Each structure stands twice: as structure tokens, then as C-alpha cells.
Amino acid sequence: MSWGQKLVTSYVKVRWDHEFMEEPVDIFSELDDDRFEVRKVEVYRDGRLDWADSSRGTGTTFLGEVPFPDLEEINSQEEFHAEPITAAEFEAAWRRARSKR
């Protein structure tokens with residue numbers, strides 16, 4: 001690990017129940033040890049996939065600028081369902097998103 005590089009400690013999937021066509025319904029996030037997003041994939045109702053990492057993003061997808069909230073905080077809002085996922089689940093979503101561009 002190089003100086004200044006953060007360790008990845010968790011992966012999260014958030015399901016967003018809504019009717020907005022231009023907003024994602026599934027959001028996959030890779031988080032560092034301070035809960036900042038390292039990579040993100042957004043899945044839209046029409047099957048479109050956008051992604052972001054520290055150097056670029058596609059569509060309107062970008063990394064959050066503040067630490068990712070605790071899952072309990074996200075799940076306290078009834079339109080969201082957040083759950084931890086495995087690194088393999090995140091990587092599968094990442095590969096799908098990157099292969100679409």
C-alpha cells in the first residue's frame with residue numbers, strides 16, 4: 001500500500017424505491033476505512049449503468065464528498081434499503097458498468 005492510500009473496508013448496496021426515471025434504483029458503493037466512497041455504480045430502471053471512481057465518472061454519477069452514512073441511518077428512511085455486500089458482489093456490478101461504456 002502506498003503512502004496516503006486508504007484501505008477499503010466495506011461494500012454497500014442501496015435500493016432506492018421511487019418513481020423518478022432519471023435517478024438510479026440501485027447504488028453500489030465501495031468505501032474506505034473512513035467511509036468515503038472509492039468507487040460507485042448506479043443502476044437505472046431502464047438498465048443503464050453509470051460509474052465513478054476518484055478520477056472520473058459517467059453520466060451524472062460522482063463520488064460522495066462526505067463520509068457514507070451508517071446503514072441504520074439510511075434504512076430509517078422508508079424509500080431506502082441499504083445492506084452490506086461482498087467484495088465479489090461489488091466487483092461484478094463494477095465490471096458490468098465498465099463494460100457498458
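Is F20 buried or exposed? At 52% relative accessibility, F20 counts as exposed, since exposed means over 50% relative accessible area, buried means under 20%, and partly exposed is in between (1.4 Å probe, protein chains only). Before we zoom in: this is a predicted model, where local features need pLDDT of at least 70, side-chain atom pairs count only at pLDDT 80 or more, and totals for chains, interfaces and linings use all residues. Residues are numbered from 1 along each chain as its sequence is written, and side-chain values use heavy atoms, with hydrogens and water left out.

**View 1. W16 and F20, a tilted ring pair.** Let's stay with F20 and bring in its partner. The structure holds 5 aromatic pairs. In one of them, the ring centres of W16 and F20 are 6.4 Å apart and the planes sit at 55 degrees, so this pair is called tilted. Here is the rule: rings of Phe, Tyr and Trp (its six-membered ring) pair if their centres lie within 6.5 Å, and planes under 30 degrees apart count as stacked, over 60 as edge-to-face and the rest as tilted. W16 has 18% relative accessibility, so W16 counts as buried, whereas F20 is exposed.

**View 2. The largest nonpolar core.** A nonpolar core is a set of buried Ala, Val, Leu, Ile, Met, Phe, Trp, Tyr and Cys residues joined through side-chain atoms within 4.5 Å. The largest one here has 11 residues, including Y11, F28, V41, W51 and A93. Strands β3 (37-44) and β4 (49-52) and helix α2 (87-99) each supply at least two of its residues. Helices (H or I, at least four residues) and strands (E, at least two) are DSSP runs, numbered from the N terminus. The largest share of this core, 4 residues, comes from α2. Apart from this core lies another one, of 10 residues, with W16, I27, L31 and L71 among them. Now pick out A93: leaving aside neighbours within four places in sequence, A93 is in contact (heavy atoms within 4.5 Å) with F28 and V41.

**View 3. A cluster of rings, and a charge over one of them.** Ring pairs link Y11, W51, F90 and W94 into a cluster. R98 lies over the face of W51, at 3.9 Å from the ring centre. A charge sits over a ring if NZ of Lys or CZ of Arg is within 6 Å of the ring centre and within 35 degrees of the ring normal.

**View 4. Strand β2 and the strands it pairs with.** All of β2 is tucked away: 9 of the 9 residues of this strand (residues 24-32) are buried, so β2 is largely enclosed by the rest of the structure. Strand β1 (residues 8-16) pairs with β2 in the antiparallel sense over 7 bridges, and two strands pair if DSSP finds at least two bridges between them. To find your place, look for V8, which stands opposite D32 in β2. Strands β2 and β3 also run antiparallel, joined by 7 bridges, with D26 opposite V43 in β3. The hairpin of β2 and β3 has 4 residues between the strands, and R35 takes a positive phi near 70 degrees there.

**View 5. K40, a buried lysine in β3.** K40 is found in strand β3. At 11% relative accessibility, K40 counts as buried. K40 lies over the face of F62, at 5.9 Å from the ring centre. The backbone oxygen of F62 is also 3.1 Å from a polar atom of the K40 side chain. Not counting residues up to four places away in sequence, K40 touches several others, including I27, D50, W51, T61 and W94.

**View 6. E37, with polar contacts to S29 and K40.** E37 belongs to strand β3 too, and its 11% relative accessibility makes E37 count as buried. A polar contact is a pair of N or O atoms within 3.5 Å; within protein, one must be able to donate a hydrogen and the other to accept it, and residues adjacent in sequence count only if both atoms are side-chain atoms. One such contact, of 2.7 Å, joins the side chains of E37 and S29. Another, of 3.2 Å, runs from the side chain of E37 to the side chain of K40. E37 and F68 are 31 residues apart in sequence, yet 7.0 Å apart in space, C-alpha to C-alpha.

**View 7. T58 in a loop.** T58 has its place in the loop between β4 and α1 (71-75). At 4% relative accessibility, T58 counts as buried. Its side chain makes a polar contact of 3.2 Å with the side chain of D50.
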